[in-house]
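Here are some exercises to work through with the model open. Try each task before you read its solution.

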Amino acid sequence: MTKWTDALWASLPIPALILDDRDRIRDVNPAGETFLNASAKSLEGHPVWDKIFVDAPLEDSFARVRSARAPLFVNAVDVGTGSRKPVTCDVQIAGLADKPDHVLVLLENRELQGKLDRALSSKSAAKSAIGMAEMLAHEIKNPLAGITGAAQLISMNAGPEDRELTDLIVGETRRVLKLLEQVEDFGNVRPPDRRAVNIHDVLDRARKSAALGFAAHMQIEDEYDPSLPSAWADSDQLLQVILNLLKNAAEAGSEGGTIRLRTFYELSLKVRRRDGSGGAVPLQIEVIDDGPGIPPDIAPDVFEPFISGRENGTGLGLALISKIVADHDGWISVDSVPGRTAFRISLPIAPKEPLQ
């Protein structure tokens, strides 16, 4: 490979393998090493079927690609290894121009790409909600203030029964005004002031605040990778995100339950945006609780504005978190089953040289 193709091969965000005429592994990119949980050097020369298990007759597909000199796509097949359970992948197979008997195999994890697409679409939904927030604030807050004032004036000369009704009017209008203020806050998030940030410092600040307040009834444990480099983030906004996730976990959990904070590095994870741009987001933060889980009927849309699984919830908290993470060129996802809900944030690392 040339220097240019070497760089392209290394930056490819999905697992890729090159096989010779006997289906032996000749090269694996970094994403493939992560997928197979083995180094390229240790895989070289081994039959591919000794390292991966595919629920489809791909030997015939390889032969067709070699004979027809045309790429082939195999959708939705289960691919597993000895160290991981099978995942559903779309498999792309193509020949190599300089080595016709070799084939290139790409394994695209459908579940992971689906999460990326949902995370990216939530940013567009957040922008729409901001426009609605401005309209609501302008059109509704002033009339509600007038209704509140009128109800208070009426209550001054009202009897006990009528005063009960005017108090109800005042209470409900104040509740709606508070909701509108939250909507306004959602629309007024400033762009992040990004710097090199130690994510463990942010997590420790959030943990201490939660343990002394809303999460005092739960145990908070940590599982940190101390070798992680700095994130390229706004520390205040990142703290806001973690606090919101901890609060959600505390509200979902019960007395004596556990919240776990976990960090790790995933080299191959990249965000691919709809405009074709993208970037690596290898720093991973997980907030895991042992609560009842997210209701299945709202789980796919949990990052959309005004979707909430709690009574009287506004549904803006997770939408705001999603917007902040997207503004950091990162993404957020959730996996939830009864007894375990894990929110995962993926962030880029800080550049070696400060950006001008």
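**Exercise 1.** Is threonine 166 buried or exposed? Work out where it sits and what surrounds it.

*Solution.* Keep in mind that this is a predicted model. Start with the element: threonine 166 belongs to helix α6. Next, check the accessibility: the relative value is 6%, and because the cut-off for buried is under 20%, threonine 166 counts as buried. Finally, look at the company it keeps. Once neighbours within four places in sequence are set aside, threonine 166 is in contact with Ala151, Ile154 and Ser155.

**Exercise 2.** Now step along to aspartate 167 and find out which surface patch it helps to form.

*Solution.* Aspartate 167 is also a residue of helix α6, which covers residues 160-187. With a relative accessible area of 48%, aspartate 167 is partly exposed. Its patch is a negative one, and the other members are Glu161, Asp162 and Glu164.

**Exercise 3.** How many salt bridges does a search of the whole structure find? Pick out a few and say how buried their partners are.

*Solution.* The search turns up eleven salt bridges. As a reminder of the principle, side chains of opposite charge can pair when their charged atoms come close. Let's take three cases.

- Step one: aspartate 20 and arginine 24 form a salt bridge, with an N to O distance of 2.8 Å. Aspartate 20 is buried at 2% relative accessibility, whereas arginine 24 comes out as partly exposed at 22%.
- Step two: glutamate 286 pairs with arginine 262 at 3.0 Å, N to O. This pair links distant parts of the chain, since glutamate 286 is in strand β13 (residues 283-289) and arginine 262 is in strand β10 (residues 258-265), 24 residues apart. Glutamate 286 is buried, with 8% relative accessibility, and arginine 262 is partly exposed, with 25%.
- Step three: arginine 344 bridges to glutamate 266, and their closest N and O atoms are 2.3 Å apart. Arginine 344 is in strand β15 (residues 340-347) and glutamate 266 is in the loop between β10 and β11 (270-272), so this bridge ties together parts that lie 78 residues apart in sequence. Arginine 344 is buried at 19% relative accessibility, and glutamate 266 is buried at 19%.

Now go back to the pair from step two and look for shared partners. Glu223, Arg260, Arg262 and Glu286 are joined into one network by salt bridges that share partners.

**Exercise 4.** Why can helix α9 be called largely enclosed by the rest of the structure?

*Solution.* Go through the helix, residues 317-327, and tally the buried positions: nine of its eleven residues are buried, so the rest of the structure largely encloses it. The buried stretch is made up of Leu318, Ala319, Leu320, Ile321, Ser322, Lys323, Ile324, Val325 and Ala326. Then see what follows α9: there you meet aspartate 329, which has a positive phi, near 60°.

**Exercise 5.** Which residues form a nonpolar patch on the surface?

*Solution.* The patch consists of Tyr265, Leu267 and Ile349, and together they have about 260 Å² of accessible area. To place one of its members, look at the loop between β10 and β11, where leucine 267 lies. Glutamate 266, the partner of arginine 344 in Exercise 3, is in that loop too.

Notes: Residues are numbered from 1 along each chain as its sequence is written. This is a predicted model: local features need pLDDT of at least 70, side-chain atom pairs count only at pLDDT 80 or more; totals for chains, interfaces and linings use all residues. Side-chain values use heavy atoms; hydrogens and water are left out. Patches are made of residues with over 30% relative accessible area and no salt bridge: like charges are joined within 9 Å, nonpolar side chains (Val, Leu, Ile, Met, Phe, Trp, Tyr) within 5 Å. Accessible areas come from the Shrake-Rupley method with a 1.4 Å probe; for residues, only the protein chains shown count as cover. A salt bridge is a side-chain nitrogen of Lys or Arg within 4 Å of a carboxyl oxygen of Asp or Glu. Lys and Arg count as positive and Asp and Glu as negative; His and the chain ends are not counted. The place of a charge is taken as NZ of Lys, CZ of Arg, CG of Asp or CD of Glu. Helices (H or I, at least four residues) and strands (E, at least two) are DSSP runs, numbered from the N terminus. Buried means under 20% relative accessible area, exposed over 50%, partly exposed in between (1.4 Å probe, protein chains only). Contact means heavy atoms within 4.5 Å.
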